[in-house]
Amino acid sequence: MTKANKSTPAAEVLLTEEEILKMSEKDYMNPAQMAFFKNKLQNLEKELLKNAGETTEHLRETVLVPDPADRATIEEEHALELRTRDRERKLLKKVQQSIQAIDNNDYGYCEETGEPIGIPRLIARPTATLSLEAQQRRELKQKLYGD
């Protein structure tokens, strides 16, 4: 077990990834695992919100550059930053939906099949809503038939 910080009661000590991976299948989505994933998602949410704030501040800093090549470079950097933030905005929505799923005790189960998504997959992608098999089927269907 990891050390609890002063604000965390002993009952809410967060487990490490290694400890969660060692748990048996019958322990799937027990309160300790839910707390681990909620903490992981909340940290990701904070990071995404911080990045969004930094982007807003960065884009407000208007630099007047007389050289057209330099201006084009700055505009391209801004466009790239905006695309990145747009992807992060979409991820933020998924993170918030995952936190809501934890609060509703629906987290960790495939939306299509109802089967467990699996701890390794959730550690790698905490916003996953489909099991690996369901995700592969969906991607194959999209590849064959388009969106």
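# A guided tour from N105 to the aromatic cluster

N105 is exposed, with a relative accessible area of 59%; exposed means over 50%, buried under 20% and partly exposed in between, with a 1.4 Å probe and protein chains only. This is a predicted model, in which local features need pLDDT of at least 70 and side-chain atom pairs count only at pLDDT 80 or more, while totals for chains, interfaces and linings use all residues. Residues are numbered from 1 along each chain as its sequence is written, and side-chain values use heavy atoms, with hydrogens and water left out.

**First selection: N105 and M29**

Select N105 in the loop between α3 and α4. Its phi is near 60 degrees, a positive value in a residue other than glycine. Next, select M29, which sits in the loop between α1 (17-22) and α2. The phi of M29 is also positive, near 60 degrees, and M29 is likewise not glycine. Is M29 buried or exposed? M29 counts as buried, at 10% relative accessibility.

**Second selection: the whole chain**

Now display the full protein and colour it by secondary structure. The protein has five helices and zero strands, where helices (H or I, at least four residues) and strands (E, at least two) are DSSP runs numbered from the N terminus. In order from the N terminus, the elements run α-α-α-α-α. The radius of gyration, taken over C-alpha atoms, is 20 Å, well over the 15 Å that the globule rule gives for 147 residues, so the protein is more spread out than a compact globule. That rule is 2.2 Å times the number of residues to the power 0.38. Rotate the view to follow the C-alpha trace, which spans about 65 × 50 × 25 Å along the principal axes.

Switch to a surface display. The accessible surface comes to about 10700 Å², and 52% of it belongs to carbon and sulfur atoms; such areas come from the Shrake-Rupley method with a 1.4 Å probe, and for residues only the protein chains shown count as cover. Of the 147 residues, 27% count as buried. Contact means heavy atoms within 4.5 Å, and among contacts between residues at least 6 apart in sequence, 51% join residues at least 24 apart.

**Third selection: F36, F37 and Y107**

Show these three side chains as sticks. Rings of Phe, Tyr and Trp (its six-membered ring) pair if their centres lie within 6.5 Å; planes under 30 degrees apart count as stacked, over 60 as edge-to-face and the rest as tilted. By this rule the protein has three aromatic pairs. In one of them, the rings of F36 and F37 have centres 5.1 Å apart and planes at 85 degrees, so the pair is edge-to-face. F37 also forms a tilted pair with Y107, at 5.6 Å centre to centre and 50 degrees between the planes. Where do the partners of this pair lie along the chain? F37 is in helix α2 (residues 31-60) and Y107 in the loop between α3 (68-103) and α4 (119-124), 70 residues apart. Ring pairs thus join F36, F37 and Y107 into a cluster.

Check the cover of each ring residue:

- F36 is buried, at 9% relative accessibility.
- F37 is buried, at 0%.
- Y107 is buried, at 3%.

**Last selection: K46 and L92**

Finally, select K46, which lies in helix α2. K46 counts as exposed, with 58% relative accessibility. Add L92 to the selection: K46 and L92 are 46 residues apart in sequence and 9.3 Å apart in space, C-alpha to C-alpha.
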